[in-house]
Amino acid sequence: MKQLIMKPLRQQNRPVISYVPRVEPAPPEHAVKMDAFRDVWILRGKYVAFVLMGEAFQRSPAFTVPESAQRWANQVRQENELSD
């Protein structure tokens, strides 16, 4: 009986892609600001945070929960304060 040889996993040395926040001039006009949160906007049915860094806004990934977007914004703001 022929022994089965397992194929190696493909793309073993594929680089890990981490999220890089987009830099926006301002939150888009079609985004709806959430009053209960400092930095959260509703964009295409998802919650997105925009944090002003210098002269541009950093945009978070899309979240399904507004608290997550605000937590992202707080973390980005805190990391920026530490690096200054």
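I started at Val40 and skipped its neighbours within four places in sequence: what remains in contact (heavy atoms within 4.5 Å) is Val32, Lys33, Met34, Tyr47, Val48, Ala49, Pro66, Ala69 and Gln70.

Housekeeping: this is a predicted model, where local features need pLDDT of at least 70, side-chain atom pairs count only at pLDDT 80 or more, and totals for chains, interfaces and linings use all residues. Residues are numbered from 1 along each chain as its sequence is written, and side-chain values use heavy atoms, with hydrogens and water left out.

Next I looked up the sheet. I found five strands (DSSP E runs of at least two residues, numbered from the N terminus) in an open sheet, ordered 1-5-4-3-2 with antiparallel pairing; to pair, two strands need at least two DSSP bridges between them. Strand 1 (22-24) and strand 2 (32-33) are at the edges with a single partner strand each, so one side of each has no neighbour in the sheet. I checked strand 1 against strand 5 (residues 56-59): three bridges join them, and Val23 sits opposite Gln58.

Then helix 1 (helices are DSSP H or I runs of at least four residues). I see it lying across strand 3 (40-43), strand 4 and strand 5, at about 20° to strand 4; axes are lines fitted to C-alpha atoms, for helices over the stretch in contact, with angles from 0 to 180 degrees between N-to-C directions.

Last, I pulled the largest nonpolar core: 10 residues, including Met34, Phe37, Val40, Trp72 and Val76. Such a core joins buried (under 20% relative accessible area, 1.4 Å probe, protein chains only) Ala, Val, Leu, Ile, Met, Phe, Trp, Tyr and Cys through side-chain atoms within 4.5 Å. Helix 1 gives the largest share, four residues.

Definitions and conventions
Buried means under 20% relative accessible area, exposed over 50%, partly exposed in between (1.4 Å probe, protein chains only).
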